[in-house]
Amino acid sequence: MGIARSDRNRNERSRTGTGPRALLLAASFFVIVISSDYARALDPNRALTQAVHRIWQVQQGLPNGTVLSVFQTKDGYLWLGTQTGLVRFDGVRFTSVREVGGVSLENLWVQDLVEDADRGLWIATDGAGLFRLQDGTAKHYGVADGLPSDHVRYLLYDRHGDLWIGTPNGLARFAQGKFITYHKELALGTDGVRAICEAKDGTIWVGGEGPQLSAWNGSSFVTRPLLSVPADAVVNDLAADPDGAIWAGTTGGLVRLKDATERRWSSADGLADDAVLCLSVGRADTIWVGTKDGFSRVRNGEVDTFRQRNGLSQSTVYALCEDREGSLWVGTKVGLNQFFDGRLIPFTVNEGLPSNDTGPVIQDRDGTIWVGTLGAGLARFDGRRFSVLTTRDGLAGDTIRALAADPDGGLWAGTDTGLSRLRGGRVVEKFTTAQGLPSDAVRCLLRDGQGVLWAGTSAGIGALRGGQFVAPNEEPVPPRVPVLALADRGARGLLATFEGGRIYSYAQGKFQPLAHADPAARNVDALLEDKDGLLWLGMNGGGMRLLDGAKAINISMRDGLFDDEIYGIAADDQDRLWMACSKGIFYISRAELRKFAAGEIKSLASFPFSPTDAQRTIECKPGVQPSARRMRDGRIWFSTTRGVIVLDPGRFQRRAAATPVTIIDDVIVNGESHRPAEIATLPPGKTNLEFHYAALTFLAPTRVVYRYRLDGFDKDWINAGARREAFYNNLPPGKYRFRVSAQTLDEPWADAQAPIAFTLEPYLYQRSWFYPACGVLLMGIVWLGYRARVRRIREQLHVIVAERSRIARELHDTLMQGFSGITMEMQALSSRLPESRERGILEEIIQDAGTCLREARQSIAGLRRSSGRDSGLAVAIAQAAKQITETKNIRLKMDPGRRCPDLSPEAEYNLLRIAQEAITNSVKHSGGRTVEVTLDCTPQALRLSVKDDGSGIAADNGSGPGPGHYGLIGMRERAAQIGADLRLVSEPGRGTTVHVLFPLAKAAGTGVMVPANLESNAD
C-alpha cells in the first residue's frame, strides 16, 4: 500500500502561481489570514495532550475509516482521500464524491490531493491515474496521456504553476498541458518516487526508494545521499520549512538538511517511531511528523508525541494537515482526528502530574503553582514541567487536602497524617498532634492578616503560636468537630465553617457564632468574601448562601443555579463568580446575583462550561481546600477528578474565525441536484427549491447558527438555528437572490461570499402581457365577427337587390307589356265605337287600366331605386306625387327637408306606398286644390306628412271606411309593418293631414335601417 501525506509546504504552493493573478490571490489570502485571525495554531507551549481532541470514524459518518490524505482547499472545505474514494467534509457532514461531470470517481484509492492556482483539485490515485476537478467538471489523465504510471503516489504544485507527479515508474511534470517525464537514466536518483517538495529557493527535491534525495535546479538533477539513515531506508515524505531547510521523513527516522549539515531524530530522541510516513510544516516553526506509532511535534529541537494510548484513533498516521483556523488534522488507518486549543488547559498524568486524583491548588509568593494529590504527593509546576514531593522527601503524607502560602515564600501542606512546612521546595518542618494539632487529618489551612497560621482538622481548629498549635477552649467553639473551610476577613478576623452547617467568626481573640447562620444549613465547603464585603458560601448540597450584613439569602437550582453542590468559589475581573461543583464548572454574574438577592429579578442565568469542549467529563473535587483558586495572572485553577483544569476568564469565549467562510454548495431543484452556477435561469415549473449551505469553521461547527433570506420573496431574515438547509415550495415566477449568514458564538453575522441570483421563468399564462394580449385578441375576434356579420348583410342586400331587379324586369317585360297591349287594343276599340253608354264604360276601363299601369311603373321604379346622388325616399315620393297630380288641376307643394339617411328597402317601399296612397286620396276624394308633401329627418326620427285643403273626413270615416275603401287601413298596416306611427288629422271643411313618424334609432336597433354603404343599387 502506498503512503499518503498532506504537508503544509504543498498547501502553501497551491495558493500561489505565476503572474498578477497569482499575486492577487496571494495578497487577498494574506489579508484574509490577518483579518480573520486565521494565523493561529496549536499553542507550542501546551503539550499535545492538552489540546481538544475529536475523532470521526465510520460510526460518526466517515465513509471509510482509513484516511490517506487530508487537504483544505481555498474555499474552506476539508477533502479526504480514502481507500474507497474522495470525501468532502464541512465540519458536520461527510459527502462522498461519486461522480463529477459524467466522470465516475467511485472506489478510487486516493493517495494525494493538491489545488492549483485556478482552484482545480488534483487527485492522485493508486491504479486509476490522475484526475482534475473544477466547477463541476472532471478530467482524467493516464498512461495514454503521458503519465509514467497510473499508480500516482505524490503531487506538488510549484510556484511556477507546474504540477509534479511522483509514480513508481518515474517523475512527471505537467506544464502547459503536457507531461514531461524524468527517469533514473536522466540522473534522477530513483524511479520509485514517493515524495516531492519545493525549497525556499525554488529547488524541487525528490525522494523515494533509497537513502538519497535528488534536487532539480531547472535543467538537471543533483543527487544528495542521506548519511544518517540506514542503507535500506526509504524516503516517504519531504517538506521544506521557511528557513530553507529540507526535512526528510524516512523509514530510519526524521532528517533535517540545511546547507551541508544533516541532523537525524529517532525514537531515542522522543520521536513517536523511526518509521516516518508523512510530514507537514506547521505554524510557529513546527514540523509535524506522522509515524507508525502516532505523531510528533518537532520545534526548536524538542519533540512532543501523541500516540494511540493518549487517545489517537489508531497508531498508523498517514496524513497531517494544519487548517486555516489552526486545527491539526491527523488521518490514521481507523479515523480522522482533530486537535485544537480549547478554552481550558487540562493537566493530567500525560503532562507530568503524579496522579489525576488531585486535591488543593495554590500559588506561592514566587509564582510557583502547587497541586496536591490524594495519594501521590505534592506536585510543583514551574510553568513547563511538574516535579513531585512525597513522603520519601519528608512530606508528612502523600494525601494532600489543604495548602496555604506564607508571605515569606514558604508553603504549608496539610495531609491526612500531619502538616508539613516547605521552603525552597524542600520540607523543613512537620507538625502532628504532638505539636498540638487537634488531629493529624488536616482539612483546611489559613494564614491570616496577623501572620497566624490556622489549621482546621477533623477534630477541630488550632492556631500556630510559638511553634505549637493551640486550640480555643472557650465557648462557643464546638470541641472536636471537623472544620471544613476557613476564610480571611482582614481586619475583621476570619471565618470558620464546621460540619453541621455551623459558621463562626473570629475577631479580637474570640469566636462568635454568625448571628444569621442557619443551624439547619448544609455543610459549607467554600467561602469567599468579595470586594464589597459580601460573603458567599458554597454548600455541599444546599446551593449558595449570600451573607449581606444581617441578611442571608439562599440560592439553589430552583433559582437558576447550575448545581447545588458547590466545592469552590473564585472571582474574576469581569465581575463573575466561578464555581467548582459536582457537575463541573460554571459561572454566574455577581451583579445578577445581587439583583436576585434584592428581589429585582426572579431567576438567575448560569453559564456552565460544556464538557464536550474537552471531550472529557469534568467533575470538581470536594473536601479539598482550596479546590478553585485564582492565580496572579488572572487564570483560575480547578481541581477535578481527572487532573487539574486551568481557565482564563479573560479569554473564556473561544475566538473562532471572525468571518467564517459560508458556502452555498448545493441546490436541489424539483428533486434534482445542481451546482449554484447552474440555476441562473430556471424554466417554468421548477418551483420547489432546496438550498444546502455551511459555514466552514471547524473549531465549533455545531455552535454555528444560520439565517437566510430569499430576496424577492422573504420580507426579512429567517432564523434557521443550526439547520443547514432552506426550503421553498411553489415559488412564483420572478427574479430572486438567496443569501445566507452564519454566526459563530459571539461573533457578528457573516454573509456568504457568493449569494445565488436566479430567475424563475413563468409559463406563458403567467407573463404580464398574457391577459392584456388575450383582451386584445378577444376584441379582434369580436371585430372580425362584426366584419363577418357586415359582410353577410352586404351579401344578403346584394341578393335582395338582385332579386328586386329581376322582379322589376319580369314585371316590365311581362305584366307591363301585356297591360300596355291590352290598353292599346281597348283604346283602338273605343275609337271605333260610336258615342254610347258602352263606349263611356270602356273609356273608364281604359282609364283604370292606365292608372294600374302607372302604379306598376312606380313599383318597378321602387324596385329599381338607385342609391345615387338623386336617389332616396324624397326623390321617389316626389316622382310619385308628380305622376299622380300631373293630369289633375291640383297644385303640388314638395318640401324634402334635410336629406334622410338611406333606409332599408322595406322601410322605403312602405313609406313610399303610404305617401302615394295619401296623395291619391287627396286627389280623388278631398276636392281640394292644393296638396303639400313634407319629408323631414332628424337623428332620431323621420317625419312624413301629406296635407290637402279639401273637404276633410268625418271622424267616423277615419275609423270605419265604407266597403271598397281600404286605403287608410292599408296605410296603417304598412306603418305598423315598419314600426312607424301614423296619425290622421282631419276636420270637415278644413282639409286632411296624414302624419307618419318613423323612429330611426329604433329602426337601427331592430335592423330596419342600415348604413347607406351597405345597400346596393337596383337596375
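Reader: In the hairpin of β44 and β45, which residue takes a positive phi?
Author: This is a predicted model. The hairpin of β44 and β45 has five residues between the strands. Phi is positive, near 65 degrees, at G490.

Reader: How many bridges join β44 to β45, and which residue stands opposite A487?
Author: β45 covers residues 494–498 and runs antiparallel to β44. The bridges between β44 and β45 number five. Opposite A487, in β45, stands L495.

Reader: Why is strand β44 described as largely enclosed by the rest of the structure?
Author: Strand β44 spans residues 483–488. A residue is buried when its relative accessible area is under 20%. Strand β44 is largely enclosed because, of its six residues, the number buried is five.

Reader: What geometry does the aromatic pair of F498 and Y504 have?
Author: Two numbers describe a pair of aromatic rings: the distance of the centres and the angle of the planes. For F498 and Y504 the centres lie 5.3 Å apart, and the planes make 90 degrees. Planes over 60 degrees apart count as edge-to-face. The pair of F498 and Y504 is therefore edge-to-face.

Reader: Are F498 and Y504 buried or exposed?
Author: The cut-off for buried is under 20% relative accessible area. F498 has 0%. Y504 has 7%. So F498 is buried, and Y504 is buried.

Reader: How many aromatic pairs does the count come to?
Author: Ring centres must lie within 6.5 Å to pair. Ring pairs link residues into a cluster that includes F691, Y693, Y706 and F758. The count of aromatic pairs comes to 47.

Reader: Which ring does the charged end of R88 sit over, and which ring face does K583 lie over?
Author: For R88, the distance to the ring centre is 4.2 Å, and the ring belongs to Y77. For K583, the distance to the ring centre is 4.3 Å, and the ring is that of F562.

Reader: Which strands are the edge strands of the open sheet that holds β36, β37, β38 and β39?
Author: The order in this sheet is β36-β37-β38-β39, with antiparallel pairing. An edge strand here pairs on one side only. The edge strands are β36 (400–405) and β39 (426–431).

Reader: By how many degrees are neighbouring strands of this sheet turned against each other on average?
Author: Five bridges join β36 to β37, residues 411–415. Within that pairing, A404 stands opposite W412. Direction ignored, the average turn between neighbouring strands of the sheet is 25 degrees.

Reader: Where is the cis peptide bond from Q625 to P626, and what is its omega near?
Author: Most peptide bonds are trans. The bond from Q625 to P626 is cis. P626 is in the loop between β55 (607–608) and β56 (628–630). Omega is near -5 degrees.

Reader: Are N107 and N300 buried or exposed?
Author: N107 has a positive phi of about 55 degrees and lies in the loop between β7 and β8. N300 has phi near 55 degrees and lies in the loop between β26 and β27. Exposed means over 50% relative accessible area. At 66%, N107 is exposed; at 62%, N300 is exposed.

Reader: What percentage of the protein's 1019 residues is buried?
Author: The protein has ten helices and 73 strands. Its accessible surface is about 45300 Å², with 50% belonging to carbon and sulfur atoms. Buried residues make up 52%.

Key
Residues numbered from 1 in each chain as written. Predicted model: local features only at pLDDT ≥ 70, side-chain atom pairs only at ≥ 80, totals over all residues. Heavy atoms only, no water. Pairing = 2+ DSSP bridges. Helix = DSSP H or I, 4+ residues; strand = E, 2+ residues; numbered from the N terminus. Axes fitted to C-alpha atoms, helices over the stretch in contact; angles between N-to-C directions. Phe/Tyr/Trp six-rings, centres within 6.5 Å; stacked < 30°, edge-to-face > 60°. Buried < 20%, exposed > 50% of the residue type's maximum accessible area, 1.4 Å probe, protein only. Lys NZ or Arg CZ within 6 Å of the ring centre and 35° of its normal. Areas by Shrake-Rupley, 256 points an atom, 1.4 Å probe, with all protein chains shown as cover.
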